[in-house]
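The exercises below are to be worked with the sequence and the coordinates open side by side. Each task is followed by a solution that proceeds in steps.

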Amino acid sequence: MPAEPADLLRELERLRARLDELESRQAIEDLHRRFTRAVADRRFDELAGYFCDDAVIDMRRHGPICGRAAIAEHFAGMAAAPLSGAGYVLTSPAVTIDRDNAGGTWTWHRFNAEATVGAKRTRVWGVWEEGRYECRYRRVDGAWRFAGMHFRVVLPDSDDTKETR
């Protein structure tokens, strides 16, 4: 028995919504990977471009930073930090999509090549940190951007148990 036109339209709409969700999830995961790659490559000048104009970030112990201009200033300050030779691994994305808004949780690992031992910087192997990103995303003019980013190191020592700077 052939399907009714109304049934076909409902099925087409369901498939369109499913395709949009899958494409959105892929775009968000790509956005976060590009962001992490830019951090690892120290391309701090491009990081603010990944954010909505009214985005809010809360990175470790810096406190909330609001708006793309302030976010750009925050990331520009990272350029002065010494190069540590660290490598980054971003895993375990858990992304939920709700039309033009989304949320996501990620696990981040940094593997350091240098550490402070006593009062001296030295090359070491095996020093690592694990962090969590809690992010909000928004689709603006067809492209996904960060609307909010909360990041904390959780292991081996949690940012939330360290003294505030």
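**Exercise 1. Determine how strand 3 and strand 4 are connected and how they pair.**

Step 1. In this predicted model, strand 3 and strand 4 form a hairpin, with 2 residues lying between them. Within that turn, Arg99 has a positive phi of about 60°.

Step 2. Strand 3 covers residues 87-98 and strand 4 covers residues 101-117; the two run antiparallel and are joined by 10 bridges.

Step 3. To place one of these pairings, take Gly87, whose bridge partner in strand 4 is Phe111.

**Exercise 2. Decide whether Glu129 is buried or exposed, and list what surrounds Glu129.**

Step 1. Locate the residue: Glu129 belongs to strand 5, which spans residues 120-140.

Step 2. Compare its accessibility with the cut-off: because the relative accessibility of Glu129 is 14%, and buried means under 20%, Glu129 counts as buried.

Step 3. Collect the neighbours, leaving aside residues up to four places away in sequence: Glu129 touches Arg60, Trp108, His109, Arg110, Asn112, Val153, Leu155 and Pro156.

Step 4. Examine the side chains: those of Glu129 and Arg110 are joined by a polar contact of 2.5 Å.

**Exercise 3. Compare the reach of helix 1 with its expected span, and identify its buried residues.**

Step 1. Helix 1 comprises residues 5-40, which is 36 residues, and from its first C-alpha to its last it reaches 52 Å, close to the 52 Å expected at 1.5 Å a residue.

Step 2. The buried residues of helix 1 are Ser24, Ile28, Glu29, Leu31, His32, Phe35, Thr36, Ala38 and Val39.

Step 3. Beyond the end of the helix, Arg42 follows with a positive phi, near 60°.

**Exercise 4. Explain why the chain is described as more spread out than a compact globule.**

Step 1. Count the elements: the chain contains 2 helices and 6 strands, and along the sequence they follow the pattern α-β-β-α-β-β-β-β.

Step 2. Apply the globule rule: for 165 residues it gives 15 Å, whereas the radius of gyration of the chain is 20 Å, well over that value, so the chain is more spread out than a compact globule.

Step 3. Set the outer dimensions beside this result: taken along the principal axes, the C-alpha atoms fill a box of roughly 80 × 35 × 30 Å.

Step 4. Add the burial and contact statistics: 36% of the 165 residues count as buried, and among contacts between residues at least 6 apart in sequence, 52% join residues at least 24 apart.

Step 5. Finish with the surface: the chain exposes about 10,200 Å², of which carbon and sulfur atoms supply 54%.

Methods. Residues are numbered from 1 along each chain as its sequence is written. This is a predicted model: local features need pLDDT of at least 70, side-chain atom pairs count only at pLDDT 80 or more; totals for chains, interfaces and linings use all residues. Side-chain values use heavy atoms; hydrogens and water are left out. Helices (H or I, at least four residues) and strands (E, at least two) are DSSP runs, numbered from the N terminus. Buried means under 20% relative accessible area, exposed over 50%, partly exposed in between (1.4 Å probe, protein chains only). A polar contact is a pair of N or O atoms within 3.5 Å; within protein, one must be able to donate a hydrogen and the other to accept it, and residues adjacent in sequence count only if both atoms are side-chain atoms. Contact means heavy atoms within 4.5 Å. Two strands pair if DSSP finds at least two bridges between them. The expected span of a helix is 1.5 Å times one less than its number of residues. The radius of gyration is taken over C-alpha atoms; the globule rule is 2.2 Å times the number of residues to the power 0.38. Accessible areas come from the Shrake-Rupley method with a 1.4 Å probe; for residues, only the protein chains shown count as cover.
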